[in-house]
Amino acid sequence: MTQVATTSQTLKPSAEGEGWKARPIKLKIFGNLIAEVVHKGICMYCGACIASCPIDILFHSENEEPVMRGTCAACQVCYYSCPRIELPVSEIERRVFGRERTTEETILGIHIGSYSVRAKDPDILKRAQDGGASSAVMLYALENKIIDYALVSGYTSREPWKPGPKIARTKQELVEHAGSMYTPGGQVGGTAEIAVPNRSVVDFQEERLAFVGLPCELQGFWRMNTHWIAAPKLGRNLVFTIGLFCSKVFDYQKMMVDYVQGTRGIDLRTVTKVNIKKNRLLVYTGDRLAIDEPVEAVANAAREECNICVDYSAELADISVGAIGSASGWSTVLARTPRGEDILNGAVEAGYVEMKKLDPLGKGIKFLETLCERKRLRDPSAYIRHATAFPRPEPKLVPLEVTTK
Ligand SMILES: Cc1cc2nc3c(=O)[nH]c(=O)nc-3n(C[C@H](O)[C@H](O)[C@H](O)COP(=O)(O)OP(=O)(O)OC[C@H]3O[C@@H](n4cnc5c(N)ncnc54)[C@H](O)[C@@H]3O)c2cc1C
Ligand code: SF4
Ligand code: SF4
Ligand code: SF4
């Protein structure tokens, strides 16, 4: 008869026999990330590694790539937070949307509504890139206490038109950081301010946020928040995300400093808007259109990691926003989650935006689908997987055999 073991009884070794053993895998740390992602030209400077380092030794840099300042603790968190190491789309979709996309949703991703949206606030409209939907929806969420702050992108301290993560708590801050900058800012790195109290300007235990970013930044955000070895706590207080449509980004030094300032002689401090529309680069100083020429003028500044990107419409956001698909001065908005749809409807009812339904079979959405499809035809095998390559090990519970004499 089997009995409960007492200290005097001998416990036989388990069936495995040798107790706990480290898994025979090679440690993957920041150096591996540099070798396998940055040096291979596929790092899109999303900032997920920067945000996730638990001992806070990874930082943004002038070169638009993550840098280490300190001694690595070899915890592997940054490596497994990187969406370019691996992006298990189906797993992330199950987490964000509760299901995977259907065949009909292959091109645009999961979405439940498509709209043309325009902000009503004249200050937002004046500064915004398109219809100001992004800033107006965040303003609605702030003023109605749905969030405590929005993580947006604004100028870094010394360099005009160089983006970096910024926290907006007021209408003034949202308006100040409205508009698009066509260079990467490591947006996910901003969530580190939430996790690291001594760098923090927010109460990371309590405060609720909305996150705005490029499609690859959302990939970084969700990779970091869903992989079991990464940093899931950083998404804990997230209320919703806004993703921007994106065809590519440019190198800040080559585009803004060397070309706009150097070749064209425009002081970046006087630039009020940069836009890329219909393959033309448009740069405004005040109301003057200072540059209007084919975007090929800055072709050498295009970042190479974008060549393998397959996400145009920010498929992992609650609300995706872009220009393509709507009339000039309006934003095209895809509501992807019920939460995103509720927030949009709330913004309409409270008078922050006006909104028109877009015909899913109409010209605007068809054009958007064409651009999404062009990107989807690229080969993403360098990073996208549909199942994780490093699955959480199933715990093997082997019952101890207890014998009595
Ligand atoms: C690099 C880039 C490429 C884009 N490519 C396309 C495209 O090909 N087709 C298309 O239809 N739309 C594209 N967009 C989106 C478009 O430019 C507008 O951002 C979008 O239509 C939202 O307009 P809005 O008036 O609603 O936003 P706004 O109310 O002006 O708000 C924009 C928000 O985006 C944030 N932001 C600005 N620059 C960045 C950045 N670099 N990284 C992260 N956040 C940022 C701002 O802080 C602000 O919160 C691109 C945007 C960027 C930044
Ligand atoms: S996490 Fe983002 S910033 Fe870091 S290496 Fe990967 S792609 Fe680059
Ligand atoms: S996250 Fe871990 S492995 Fe990466 S740099 Fe920080 S301590 Fe090193
Ligand atoms: S094209 Fe893709 S990788 Fe490049 S900035 Fe846009 S979302 Fe990121």
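## A tour from strand β13 outward

Begin by selecting strand β12 (residues 319–322) together with β13, which pair in the antiparallel sense over four bridges. Within this pairing, Ile 319 stands opposite Ala 335 in β13. What you have open is a predicted model, and its protein chain comes to 12 helices and 15 strands.

Keep β13 selected and add strand β4 (residues 113–119), which is joined to β13 by five bridges and runs antiparallel to it. Here Gly 113 is the residue that stands opposite Ala 335 in β13. Now colour β13 (residues 331–335) by burial: the strand is mostly covered, and five of its five residues are buried. In a regular strand the side chains alternate between the two faces of the sheet. If you show the side chains of β13, you will find Ser 331, Val 333 and Ala 335 pointing one way and Thr 332 and Leu 334 the other way, with all of them buried. For the wider setting, 41% of the 405 residues of the protein chain count as buried.

Next, select residues 133–143 and 338–349, which are helix α6 and helix α11. How do α6 and α11 lie relative to each other? They pack at an angle of about 85°, with their axes 9 Å apart, and since angles of 65 to 115 degrees count as roughly perpendicular, the two helices are therefore roughly perpendicular to each other. Show the side chains of Ala 136, Val 137, Tyr 140 and Ala 141 on α6, and those of Ile 343, Leu 344 and Ala 347, along with Gly 346, on α11, for these residues make the contact. By class, the contact of α6 with α11 has seven nonpolar residues, one polar residue and no charged residues.

Move on to the open sheet of three strands, ordered β9-β10-β11, in which the pairing is antiparallel. The strands β9 (271–277) and β11 (288–294) stand at the edges with a single partner strand each, so one side of each is left without a neighbour in the sheet. Neighbouring strands of this sheet are turned by 15° against each other on average, direction ignored. Zoom in on β9 and strand β10 (residues 280–285), which run antiparallel and are joined by six bridges; within this pair, Val 274 stands opposite Val 283 in β10.

Then turn to ligand 2 and display the 15 residues around it, of which Cys 43, Cys 46, Ala 48, Cys 49 and Cys 82 come nearest. Helices α1 (30–38) and α2 (48–52) each supply at least two residues of this shell, and α1 gives the most, with three residues. The shell around ligand 2 divides into 11 nonpolar, three polar and one charged.

From there, select ligand 4, which is surrounded by Met 44, Pro 184, Leu 214, Pro 215, Cys 216, Cys 246, Lys 248, Val 249, Glu 305, Cys 306, Cys 309 and Asp 311. Its shell divides into nine nonpolar, no polar and three charged residues.

A last stop is Lys 126, whose place is in helix α5 (residues 122–127). Lys 126 is partly exposed, with 13 other C-beta atoms within 10 Å. Draw a distance from its C-alpha atom to that of Ala 178: the two residues are 52 residues apart along the chain, and these atoms are separated by 9.4 Å. Looking at the whole chain once more, among contacts between residues at least 6 apart in sequence, 70% join residues at least 24 apart.

Terms used:
Residues are numbered from 1 along each chain as its sequence is written. Chains are lettered from A and ligands numbered from 1 in the order in which they are written. This is a predicted model: local features need pLDDT of at least 70, side-chain atom pairs count only at pLDDT 80 or more; totals for chains, interfaces and linings use all residues. Axes are lines fitted to C-alpha atoms, for helices over the stretch in contact, and angles run from 0 to 180 degrees between N-to-C directions. Angles under 35 degrees count as roughly parallel, over 145 as roughly antiparallel, 65 to 115 as roughly perpendicular and the rest as oblique. Two residues are in contact if their C-beta atoms, placed from the backbone, lie within 7 Å. Ala, Val, Leu, Ile, Met, Phe, Trp, Tyr, Cys and Pro count as nonpolar, Asp, Glu, Lys and Arg as charged, and the others, Gly among them, as polar. A residue is buried if 20 or more other C-beta atoms lie within 10 Å of its own, exposed if 12 or fewer, and partly exposed in between; C-beta atoms are placed from the backbone. A residue is near a molecule or strand if its C-beta atom, placed from the backbone, lies within 6 Å of it. Two strands pair if DSSP finds at least two bridges between them.
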